[in-house]
Amino acid sequence: MSFCQKIYALALKIPKGKVATYGQLAKLAGEPGAARAVGACLRINPDAPRIPCHRVVGADGSLTGYSAAGGLTKKKTMLLAEGVVLSGDRVDFSCSR
């Protein structure tokens, strides 16, 4: 299984209303420190939104890296619709991690 395939499989496990960070997915895929590589995989996500790349956020909760139509505004809208709690433009990890 390729690194990207591992990332897609892990992203599928993130439930609605919750998020994971790029770093968490990298670590779970066996490549700690490869957060940017996770972003590269998600940027070419072949099956969005079934593979919920919008549920992956920066280590500080920032809504980074959403290349689909609508960009970060769309990502924020999708997360809010799923019940993710935000504080400004950052995910409140105490509620949504």
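Me: Buried means under 20% relative accessible area and exposed means over 50%, with partly exposed in between. This is a predicted model. Why is R90 called partly exposed?

Reply: The relative accessible area of R90 is 39%, and because partly exposed covers the range between 20% and 50%, R90 counts as partly exposed.

Me: What makes the pair of D60 and R90 a salt bridge?

Reply: The closest N and O atoms of D60 and R90 are 2.3 Å apart, and because a salt bridge needs such a nitrogen within 4 Å of a carboxyl oxygen, the pair qualifies. This pair links distant parts of the chain, with D60 in the loop between β2 and α4 and R90 in strand β4, 30 residues apart.

Me: Why is R55, which forms a salt bridge with E82, called buried?

Reply: R55 has a relative accessibility of 9%, and because buried means under 20%, R55 counts as buried, whereas E82, at 22%, counts as partly exposed.

Me: Why is R50 called exposed?

Reply: The relative accessible area of R50 is 54%, and because exposed means over 50%, R50 is exposed, while D47, its salt-bridge partner at 2.5 Å, is partly exposed at 29%.

Me: How do you know that the buried residues of helix α4 line one face?

Reply: In α4, which spans residues 71-81, G71, K75, M78 and L79 are buried. Seen down the axis of α4, these buried residues fall within an arc of 95 degrees, so they line one face of the helix. On the other side of α4, T73 and A81 are exposed.

Methods:
Residues numbered from 1 in each chain as written. Predicted model: local features only at pLDDT ≥ 70, side-chain atom pairs only at ≥ 80, totals over all residues. Heavy atoms only, no water. Buried < 20%, exposed > 50% of the residue type's maximum accessible area, 1.4 Å probe, protein only. Helix = DSSP H or I, 4+ residues; strand = E, 2+ residues; numbered from the N terminus. Arc of directions from axis to C-beta. Salt bridge = Lys/Arg side-chain N within 4 Å of Asp/Glu carboxyl O.
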